[in-house]
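Work through the exercises below with the structure open. Each task is followed by a solution in steps.

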Amino acid sequence: MPRLWGTCLGEDERMLRLQGEREHAQVLGGACGGGGFGLRRRQVRSLRFRRLTALISSLRMPRPCSDLPQRLRGSGGGGAANEMLVVMLLAAATLRLCPLARAQPLCRIHTVRTGKMFHVGQPTQGVHLYFSSATARLIKHPCKKNIALYLGKQLFLTRNNFESSLLPFSIPTSMQVGIPEVTSAHFASSVLLLVVNRKVYIYDYEADSWNASIGIKHPVSQISGDNCCYSEHPFCLDISNSVFAYLLGDLTSQTNIYFSNTQGYRFQKYAHERQAELVGTLGGIFYFHSLSQIGLLLIDQGKAKFGYSDHPLNHSLGLPFDYNGTLDILLTPGQKGILIFWYENSLLVSRNAGQLVDPVPVREGHHILYSSISEANVTIHSVAANENELAVLTRENNLYYGSLGILSSFLIKFADQNIWSQEAVLMFTELGILEILTPLPDSFFPAFDFQKCPVNIQAILMDPQLQVDFCKAMVSNPYSLGLQAVIYEDSFTYDGNTKHRLNISLRQQHHWGRADPNFTSSIKRPTISTITLDIANKEISCVDLKPLTALISVGCDLEKKIIIQNEISACSKGILNPVALQDNYSYLIEKEAYDPNFRRQRATKDLVVYYPYEKLGCPLLVYYDTPWKPVVELWRGGKFQEVMEAEYVLLEVNGLFTYTYSLTARTALCTSQPQNWTTVIENAGDKGPFIWDRENYVSCHDPKNDAPLKWPNVPYQILGGPTANKVTFEQRNGIYVFFISIVDPYYSYCPLQTTFSVYVYGAFPLPLIPSEITMFLLMVAILLSVWLAYIIPKALRTEQGHRFQGFWSSLCRRYRERCACF
């Protein structure tokens, strides 16, 4: 992925620099101006004015620099004005070498005391929760910016960014939590998840209700997840609803990991494919949506590395990095794959979901003071991050600030101020605004006040002493997409400046045709990516120019569905009555015709089936003796799109097996053994029979499929696609209810599936005696007749035959005489 960025972005960067050589003023600060790449002259003058203001302010300092001359003499009759101008110019030239005599305060402290009489109310009945760590934490909701949870000796949940006094957060006594110790917390969409006394509890802050999670059978200590804030699209909601629960520090090969896709209300056991082989203890498990991977952090002998769940990253582990202490791990918002790892003396950042993890250097101007913050000999107390910014508070009253760039991240140190306390935490309230928050108890009210110290990052970065340069211009792209970017001159402003337009073309990596197949994501699995337009090697001063980010779903369009064409139905031909079908209609499937286990073996008793007319409508009419396949239509948003020609499979939902297929593996020209329902169901285990889909389908025409063609005469059970395969029915009339699943992975990322019904007619009733026995008896009768026709005349010519004839003749005379008497 880094190579992809470097290749795609290098040309654009050079183009911007070449343009900058021609129009230096426009490119230098164009992005900082917030209006594209052009910078108006009055904006340049404004920047110069701010610089000049800073210079004049420096001249008013009470203690001048020792390296400035005490007296400057004019070279001619320049007068006092010229002498003052020279002083100002020299002061400007030497400003960066002069430390400020008195640093401006980082922030001005104020205390929030509102809401005690009217908004806080009486203490609720419950048990006060407390955080297990000695160091306080703060968790902000990434989508709902005013919602946050403070974790310390007391917990505080706010819905207005701590702009009012709050009661300590409590859990109802009815939950029976025992020891109210909180070890982990996470916002999952509209609920707050808490691990209290090794169990997971859910607080719906909108409904003000508590619940205990279901499905977790073992103790857990941590909970992890992510939130998608881009839209209300279902794929975005799925991200917010996905949560992991686990026990930190347990052996990875033996630990119990739980997963929930219901916001934590119901969990089920999660099993990593290679979990039994993984060595080390579990440091965390995360769903990296930008990579469409689940990552397990493995810790072994002071080193840590990530193991991933799916191709291509599951073939090897990520690069190891130092793991000192128990690292807190922050997933920054936006699904960019940026992770922050921190402990008291360690700060690491990964920009690609844990594949590469690097320490964060500390810079002064353009020079690196320390290659990592651990070399600075400070103790980290609190860390805060948003989509693009990072802040660090230390016990030594140091505040560090940095940007989370695509290419690099670093910190700069702000001037010292007495801002640290044991209960202090950092919090970004908006872009470029950082707050240092501390709860304060009140001896007269149960509610706590909050001491706030807001830090205006942009204003501080304008301090010339920090030697921060202006913005320079970049495009980045996460994992599963490839991009091409072209920049060109578009038009001109009224004052003659050039406007530029940047066109970015996106294409799925699988279809580029120029990337290594092992690098791309699987075409069978939906992926999620973000594309970010940022400034190449952006300086830290570019706070108010937020990178433009878009979330892209390479996945299912839920407006798509398939419908089976039903122009000729059994009702339209008068074979079935729609009124009767709606009146709890049922039919009988004889035991010789179905298998409830879908293995094409006879059942032990007949089956009565109730027909679901509301779902299926009237069955499609099919003549039994004509090979048939359904006409599948693709619809989107209620509009017909096309008749589908992709590959699909059918399965009778009640287990009927009185049908087969017109082609075999040989006649379908398979080069490898094709899949069938029997093998697919066996490999699925207890997942149910209807699991053949685009994700587990393997084409027998794929040259990469190395399964040998051992049984070429087995029925080929895939319809559509390159073959003319059809369904052939046995001599049986009746209703068939089919499940249809589109298995072609290139047709759609959607699980296109539905059920429909067919009425097969025209078959004569099967005879009671099997046809083989009937044919045998007929042949015996014919042979016996031929033999008798030959042997009887011959026998009548013998003496014994004459006696037999005489006997019958006398018998006939006696019969006639008796008849005459009557």
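**Exercise 1: a salt bridge between E559 and R636**

E559 has a relative accessible area of 45%, so this residue is partly exposed. The model is a predicted one.

Task: State how E559 and R636 pair, and which parts of the chain the pair ties together.

Solution.
1. The side chains of E559 and R636 meet in a salt bridge, at 3.8 Å from N to O. The cut-off is 4 Å.
2. E559 lies in the loop between strand 37 (548-554) and strand 38 (560-564), and R636 in strand 42 (residues 632-636), so the pair ties together parts that are 77 residues apart in sequence.
3. R636 is partly exposed, its relative accessible area being 37%.

**Exercise 2: D328 and R137**

Task: Decide whether D328 and R137 are buried or partly exposed.

Solution.
1. D328 and R137 form a salt bridge of 2.5 Å, N to O.
2. D328 belongs to strand 20 (residues 328-331) and R137 to strand 4 (residues 137-140), so parts 191 residues apart in sequence are tied together.
3. Buried means under 20% relative accessible area. R137, with 17%, is therefore buried, whereas D328, at 24%, counts as partly exposed.

**Exercise 3: the largest pocket**

Task: Describe the largest pocket by its volume and its lining.

Solution.
1. The volume of the largest pocket is about 1,900 Å³.
2. Of the 44 residues that line the largest pocket, Y287, K524, R525, P526 and E695 are the closest to its centre.
3. Helix 5 gives the largest share of the lining, five residues.
4. By type, the lining residues are 19 nonpolar, 16 polar and nine charged.

Notes: Residues are numbered from 1 along each chain as its sequence is written. This is a predicted model: local features need pLDDT of at least 70, side-chain atom pairs count only at pLDDT 80 or more; totals for chains, interfaces and linings use all residues. Side-chain values use heavy atoms; hydrogens and water are left out. On a 1 Å grid over the protein atoms alone, a cavity is a set of points where a 1.4 Å probe fits but cannot get out, and a pocket is an open set with protein on both sides within 12 Å along at least five of seven lines; lining residues have an atom within 4 Å of a point. Grid points are joined across faces, edges and corners, and a volume is the space filled by probe spheres set on the points. Helices (H or I, at least four residues) and strands (E, at least two) are DSSP runs, numbered from the N terminus. Ala, Val, Leu, Ile, Met, Phe, Trp, Tyr, Cys and Pro count as nonpolar, Asp, Glu, Lys and Arg as charged, and the others, Gly among them, as polar. Buried means under 20% relative accessible area, exposed over 50%, partly exposed in between (1.4 Å probe, protein chains only).
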